[in-house]
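Student: I would like to learn how to read a protein model feature by feature. Could you take me through one, giving the general idea before each case?

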Amino acid sequence: MKAVIQRVRDASVSVEGKLKGEIKHGLLVYYSVEEKDTFDMIEPFLDKLVHLRIFEDEEGKMNLSLDKVSKEILFVSQFTLAANLARGNRPDFANAKKPEEAERFYTEGVRILKSWGYNVSCGVFGAHMQVRYMNDGPVTFILDSENLPRFRKKN
């Protein structure tokens, strides 16, 4: 799994000119699932995501996680994060989960986040979306399950 996480002052997603989701201060998360990912990885991946201390405290240090600030997430599926760009000039999406399976991961991710008490707004899985946001900082991080010790392959 991969996620691009942006600290935002506000964010919204529309499909065909119709607003589908919006948040104020919180996180905009672009989420992608790859063939190697398994369903049991979703919860620990999201746990890491929501507990990242990327919001500033009263001293201006990144010391606070989302639950201390707003609990708002705009969660947007983005299979292009799974692209392999190593060869040629056209992205190779062979690593991306098939849409039907990826949608199950996305839906389960939304369900988990909501069950933890987060205010989750969403795009529309598989749709052509327009995303508007004001990045706060700018602050942007990439979370990749491959770089997390719990999911790293043993040699």
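Tutor: Let us begin with the idea of a nonpolar core, which is a set of buried Ala, Val, Leu, Ile, Met, Phe, Trp, Tyr and Cys residues joined through side-chain atoms within 4.5 Å. Please keep in mind throughout that this is a predicted model.

Student: How many residues does the largest nonpolar core have, and which of them have the most contacts inside it?

Tutor: The largest nonpolar core has 29 residues, and those with the most contacts inside it are Leu27, Tyr31, Phe45, Leu46, Leu49, Ile73 and Phe75. Two or more residues are given to this core by each of strand E1 (2–15), strand E3 (26–32), helix H1 (42–51), strand E6 (72–77), helix H2 (99–115) and strand E7 (119–122). Apart from it lies another core, of 11 residues, which has Val4, Val8, Val15 and Tyr30 among its members.

Student: Which residues does leucine 27 touch, if residues up to four places away in sequence are not counted?

Tutor: Leucine 27 touches Ile5, Gln6, Arg7, Val8, Leu49, Ile54, Phe55, Leu66, Glu72, Ile73 and Leu74. Leucine 49, which has its place in helix H1, is in contact with Ala3, Ile5, Leu27, Val29 and Leu143, again leaving aside neighbours within four places in sequence.

Student: Why does leucine 49 count as buried?

Tutor: Buried means under 20% relative accessible area, and leucine 49 counts as buried because its relative accessibility is 1%.

Student: Let us turn to strands. How many residues of E6 are buried, and which lie on each side?

Tutor: E6 is mostly covered, with six of its six residues buried. Both of its faces are covered, Glu72, Leu74 and Val76 being buried on one side and Ile73, Phe75 and Ser77 on the other.

Student: Which strands are joined to E6 by bridges, and do they run parallel or antiparallel to it?

Tutor: E3 and E6 run parallel and are joined by five bridges, and one can follow this pairing at tyrosine 30, whose bridge partner in E6 is valine 76. E6 and E7 also run parallel, with four bridges between them, and here phenylalanine 75 has cysteine 122 as its bridge partner in E7. Between these two strands the chain crosses from E6 through H2 to E7, and this β-α-β crossover is right-handed.

Student: How should I read the backbone angles?

Tutor: As a general guide, most residues other than glycine have a negative phi, and most peptide bonds are trans. In this model, glutamate 16 has a positive phi of about 50° although it is not a glycine; glutamate 16 is placed in the loop between E1 and strand E2 (18–23) and is exposed, with a relative accessible area of 73%. Lysine 71 likewise is not a glycine but has a positive phi, of about 65°, and its place is in the loop between strand E5 (62–64) and E6, where lysine 71 is partly exposed at a relative accessible area of 27%.

Student: Where is there a cis peptide bond?

Tutor: A cis peptide bond joins glycine 137 and proline 138, with omega about -5°, and proline 138 lies in strand E8 (residues 130–144). Aspartate 136 also has its place in strand E8 and counts as buried at 13% relative accessibility. Not counting residues up to four places away in sequence, aspartate 136 touches Arg7, Val8, Arg9 and His25.

Student: What describes a pair of aromatic rings?

Tutor: A pair of aromatic rings is described by the distance of the centres and the angle of the planes. The structure holds six aromatic pairs, and one of them is the tilted pair of phenylalanine 79 and phenylalanine 93, at 4.8 Å centre to centre with 50° between the planes. Both phenylalanine 79 and phenylalanine 93 lie in the loop between E6 and H2, so the pair ties together parts that are 14 residues apart in sequence. Elsewhere, Tyr31, Phe45, Phe75, Tyr106 and Phe125 form one aromatic cluster.

Student: Which charged residues lie over the face of a ring?

Tutor: Lysine 71 lies over the face of tyrosine 118, at 4.7 Å from the ring centre, and arginine 104 lies over the face of phenylalanine 39, at 4.7 Å from the ring centre.

Methods
Residues numbered from 1 in each chain as written. Predicted model: local features only at pLDDT ≥ 70, side-chain atom pairs only at ≥ 80, totals over all residues. Heavy atoms only, no water. Buried < 20%, exposed > 50% of the residue type's maximum accessible area, 1.4 Å probe, protein only. Contact = heavy atoms within 4.5 Å. Pairing = 2+ DSSP bridges. Right-handed = clockwise from strand over helix to strand, strands pointing away. Phe/Tyr/Trp six-rings, centres within 6.5 Å; stacked < 30°, edge-to-face > 60°. Lys NZ or Arg CZ within 6 Å of the ring centre and 35° of its normal.
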